[in-house]
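Reader: I'm new to this one. Can you walk me through it?

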Amino acid sequence: MLTKDDGRLGANIASSEITPSDRFFNRRNFVAGALAAGAGALALRQVPGLFHPLAVHAAGQKLATVPSSYTVADQQTPFAKATTFNNYYEFGIEKDQPAKNAHTLRTRPWTVEVSGLVKKKQTIDIDTIMRYRPIESRVYRHRCVEAWSMVIPWDGYPLAQFISAMDPLPSAKYIQFLSVNDDTDMPDKPGGFDFPYSEGLRLDEAMNPLCLLTFGCYGEVLPNQNGAPIRVVSPWKYGFKNGKSIVKFVFTDKQPHTLWNDMASNEYGFFSNVNPQVDHPRWSQAHERRIDASLLPRTVPTQMFNGYADQVAGLYAGMDLKKNF
């Protein structure tokens with residue numbers, strides 16, 4: 001568990017401690033960024049309350065972020081590893097395939113539809129969503145159900161702030177995330193999956209301050225293979241709960257259908273909280289392979305709720321976490 005006293009949560013992380021990306025902007029990106037910055041500066045003068053200097057955010061561009069108290073002392077995963085070892089099945093089922101194939105995903109223009117049990121049904125442009133609140137840089141542990149983990153600096157703001165702005169009805173109990181499903185942008189989609197990718201959270205989970213509406217990582221706009229241009233990160237849950245490339249938020253009073261839970265409910269529960277005491281039917285969840293700067297992954301014990309029990313355990317008070325896995 002994390003406490004502010006033990007140094008793993010609560011200290012602002014210095015920019016020098018963030019793993020530097022292994023990429024450099026070429027001249028074309030620099031010029032494009034400068035032009036976008038100029039346009040963004042004009043927008044900032046015209047529309048009070050906007051926080052970002054860039055009018056259009058493209059992969060490889062830096063994000064304007066504010067400090068955050070959310071960090072961990074664990075060694076961070078290098079950018080090159082975090083962006084080339086991914087699960088994003090629409091671009092291939094092998095871990096190295098999304099980085100190779102996701103360049104076909106067009107992230108602009110991009111809109112997100114908000115529907116269901118909400119007062120403010122609307123379709124919103126991604127760059128407008130990014131300007132709702134200041135973007136924080138948060139360093140989270142990230143645990144995959146396949147028993148590997150990373151430590152990644154994610155950039156976004158609490159999903160709760162976006163939800164509050166949409167004004168859900170009192171009857172709304174869940175929020176569903178639907179990912180983009182475009183055959184042109186995703187020519188490598190495998191068969192046998194009920195796309196579009198669907199995930200969801202109970203609304204009180206989504207409103208927890210840890211749950212991050214995410215637009216970037218390592219101080220840059222999200223790479224396509226990491227879920228550009230908008231995804232969710234809930235660090236106490238297994239990674240497949242974190243919908244990528246979201247195009248719809250649906251508020252509902254019933255537990256929404258989710259892709260993996262529908263396909264194999266005995267292996268992928270709706271809650272999918274990280275729990276070392278509940279094994280996957282085909283492997284133990286008591287340990288994980290931590291991918292960091294070491295040459296080979298290190299095996300470390302898995303922590304309850306991925307180490308975030310102090311922040312989230314109360315959400316599940318009285319629940320049987322083996323039955324509601």
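Author: Let's go from the overall make-up to the core, then to some details. One thing up front: this is a predicted model.

Reader: OK. How many helices and strands in the chain?

Author: Eight helices and 13 strands.

Reader: And how many of the residues count as buried?

Author: The chain has 325 residues, and 52% of them count as buried. The accessible surface comes to about 14,300 Å². Carbon and sulfur atoms account for 55% of that surface.

Reader: What about contacts between residues at least 6 apart in sequence? What share joins residues at least 24 apart?

Author: That share is 72%. One example of a long sequence gap is Tyr-70 and Leu-210. They are 140 residues apart in sequence, yet 8.5 Å apart in space, C-alpha to C-alpha. Tyr-70 sits in the loop between β1 and α2. Tyr-70 counts as buried, at 18% relative accessibility, because the cut-off is under 20%.

Reader: Now the inside. How many residues are in the largest nonpolar core?

Author: It has 66 residues. Leu-159, Phe-162, Leu-213, Ile-230 and Phe-249 have the most contacts inside it. The largest share of this core comes from β5, with six residues.

Reader: Any general reason for nonpolar groups to gather like that? Why?

Author: It is a common tendency: in soluble globular proteins, nonpolar side chains tend to be buried together.

Reader: Take Phe-249. Which residues does it touch?

Author: Leaving out residues up to four places away in sequence, Phe-249 touches, among others, Leu-159, Phe-162, Leu-213 and Ile-230. Its contacts also include Val-112, Val-114, Ile-175 and Phe-177. Polar residues are on the list too, including Glu-113, Ser-115 and Gln-176.

Reader: And the second core? Which residues does it include?

Author: The second core is separate and has ten residues. Val-145, Tyr-238, Phe-240 and Trp-260 are among them.

Reader: Back to Leu-159 and Phe-162. Which helix are these buried residues in?

Author: Helix α5, residues 159-166. Its buried residues are Leu-159, Ala-160, Phe-162, Ile-163 and Met-166. Looking down the axis of α5, they fall within an arc of 160°, so they line one face of the helix.

Reader: Why would spaced-out residues point the same way?

Author: An α-helix has 3.6 residues a turn, so residues three or four places apart point the same way.

Reader: What comes just after α5?

Author: Asp-167, with a positive phi of about 60°.

Reader: Which residues have a positive phi although they are not glycine?

Author: Ala-147 is one, at about 75°. Ala-147 lies in the loop between β4 and β5 and is buried, at 7% relative accessibility. Tyr-218 is another, with a phi of about 55°. Tyr-218 lies in the loop between β8 and β9 and is buried at 5%.

Reader: Where are the cis peptide bonds?

Author: One runs from Arg-108 to Pro-109, with omega near -5°. Pro-109 is in the loop between α3 and β2. Another runs from Phe-195 to Pro-196, with omega near 10°. Pro-196 is in the loop between β6 and β7.

Reader: Switching topic. How many disulfides?

Author: Zero. Cys-211 is buried at 0% relative accessibility, and Cys-217 is buried at 1%.

Reader: And how many salt bridges?

Author: The count comes to 19. Glu-146 pairs with Lys-95, with the closest N and O atoms 2.9 Å apart. Glu-146 is in the loop between β4 and β5 and Lys-95 in the loop between α2 and α3, so the pair ties together parts 51 residues apart in sequence.

Reader: Are those two buried or exposed?

Author: Glu-146 is partly exposed, at 22%. Lys-95 counts as buried, at 17%.

Reader: Which salt bridge does Arg-106 form?

Author: Arg-106 pairs with Asp-185, with the closest N and O atoms 2.6 Å apart. Arg-106 is in the loop between α3 and β2 and Asp-185 in the loop between β6 and β7, so the pair ties together parts 79 residues apart in sequence. Arg-106 is partly exposed at 49%, whereas Asp-185 is buried at 6%.

Reader: Which residues are linked in a network of salt bridges?

Author: Asp-74, Arg-141, Arg-143, Glu-288 and Arg-290.

Methods. Residues numbered from 1 in each chain as written. Predicted model: local features only at pLDDT ≥ 70, side-chain atom pairs only at ≥ 80, totals over all residues. Heavy atoms only, no water. Helix = DSSP H or I, 4+ residues; strand = E, 2+ residues; numbered from the N terminus. Buried < 20%, exposed > 50% of the residue type's maximum accessible area, 1.4 Å probe, protein only. Arc of directions from axis to C-beta. Contact = heavy atoms within 4.5 Å. Areas by Shrake-Rupley, 256 points an atom, 1.4 Å probe, with all protein chains shown as cover. Core = buried A, V, L, I, M, F, W, Y, C linked by side-chain atoms within 4.5 Å. Disulfide = S-S within 2.5 Å. Salt bridge = Lys/Arg side-chain N within 4 Å of Asp/Glu carboxyl O.
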